[in-house]
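Open the model in your viewer and show the backbone as a cartoon. The stops below go from a sheet to one of its edges.

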Amino acid sequence: MVHYWTVFNLVFIILCFIMIGNNDLLKLKKQGRCPVSKILLYEPRMLVRSLAQHLIDGRSRPLWLHQVSTPYIEDIRNSVNKDMCVLVGVGGVGPNFSEVLRLFRYLKIMKINTIAWIPSGYLYLSRLLNAVGVNEILIEDDLPNALMVTLQKMTTHGDTAIKRRRVPDLSQMELDILLQFSAGLSAKDISIERGCCYKTVFSWKHNIYTILEIKTPDQWLTMLAEMAQISTLYQQR
Amino acid sequence: MYSYYVHYSSPRNIWSEALSLGFDHLAASNPGWCWSVLPSDGESTPPNLSVLDLTAELDIDISALPGSQGRLLVLVRATQKRVITALLTQSRCSLLCVDDHQFEIKDIVDCSHRHKRFLSPFVRSLKEGQAPKTSPVSLTETESKILAFIRDGKSGVEISRSLFRSQKTISSHKRNIMRKFGVSDDLALKRKLQVQEMAI
């Protein structure tokens, strides 16, 4: 009799494990996401690229890794799948910054996992990346540990993919307007270029303030300056 | 078997780890060459390369740099233009910008062997593109005071309240500052101030 009870208990425990595992998969499937099995790495800086590559290759569960070189950033859109995770080192993208932001938005719509790392001290850049749909934002100084933990979560539990943001994401129009502001255009210039009313641009700007939790014009300018600093990093002056 | 000794003068971080990986790759592709890290208290063997990480520094005191600058490699970021310029003009150490897209670890090793100065591509381009200093902008006492408030992120209304002047007076002073800096909007002024803080 005791023997039957032991077998019954074992079967029950195994069933529980299977159900928990399926529950995670069901959650991911409901969101249209798959567990990550491939990595697409876009990091133009040689030192960080080799470190990230070393970290990914050194994992106990190997992942298929593909690197994207700078001139072919547009190709990422054509080569991504749902079981992929796109890793981007934002600190080194330079003049491709606006393209990278648009790419993040596209990947978010396609329900593809994304991880970005930024240099420390960029408060508003982190909020902006969050608003364009980046799943996980890491600080470069913590990269060795943080990247391993995040990849572990994405490949096993899918916790990161399930995470929800409190604020709504930036729309395509809002992102375009923000990029125009960061390029130095005034609200008047933008209204002329878009053929819309001057006040409509202010309305969009107000929406961007709300989404990025910006309270004062100084915070707005600091954010634009952070964006400009990333995109003009490799210019001599 | 040739041994190359590297000494990290700063606490180990992401950049020293990445640099060590570069040396590992170089050793893997050159069978007759190996490298090792000298411990910080290792007095017996002089290092072939001493690595100093200044990526977190806003300013630098050149006199505080270690003596043998021919074998010193300083790590800097692309945003630290003031530090890079000071190191370029006032010292003989090698400079590696950690934000550089492409460079060869082999060049660093070669330069340290020949006691030559290594400059990574970004630092080199900065050196070549260095323009003569522009004449400094001269501001009046009030304009300097208002500029300090602008630097602190204060709005026109807040400045007018602090200085007991009308908003129009503050606006007029701000316009004069912008004219002197040669900028036409708030973002350009912010960038100008940011560049001024970072650059020469």
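The tour covers a predicted model.

Start with the sheet in chain B. Its 5 strands form an open sheet with parallel pairing, in the order E2-E1-E3-E4-E5. Select 33-37 and 94-97 of chain B next: these are the edge strands E2 and E5, and each pairs on one side only. Across the sheet, neighbouring strands are turned by 25 degrees against each other on average, direction ignored.

Now select residues 72-76 of chain B, strand E4. Strand E4(B) pairs with E5(B) in the parallel sense over 4 bridges. Show side chains here: B:Leu75 stands opposite B:Leu96, and B:Val76 stands opposite B:Cys97.

Stay on E5(B) and look along the strand. Which residues point the same way as B:Ser94 from E5(B), and which the other way? B:Leu96 shares the direction of B:Ser94, while B:Leu95 and B:Cys97 point the other way. In a regular strand, side chains alternate between the two faces of the sheet. Each of these four residues of E5(B) is buried.

Add residues 81-90 of chain B, helix H2. Together with E4(B) and E5(B), helix H2 makes a right-handed β-α-β unit.

Finish with residues 105-113 of chain B, helix H3. Helix H3 packs on the sheet and touches strands E1 (2-8), E3 (49-53), E4 and E5 of chain B. The direction of H3 makes about 170 degrees with that of E5(B).

Terms used. Residues numbered from 1 in each chain as written. Chains lettered and ligands numbered in written order. Predicted model: local features only at pLDDT ≥ 70, side-chain atom pairs only at ≥ 80, totals over all residues. Pairing = 2+ DSSP bridges. Helix = DSSP H or I, 4+ residues; strand = E, 2+ residues; numbered from the N terminus. Axes fitted to C-alpha atoms, helices over the stretch in contact; angles between N-to-C directions. Contact = placed C-beta atoms within 7 Å. Buried ≥ 20, exposed ≤ 12 C-beta atoms within 10 Å, placed from the backbone. Right-handed = clockwise from strand over helix to strand, strands pointing away.
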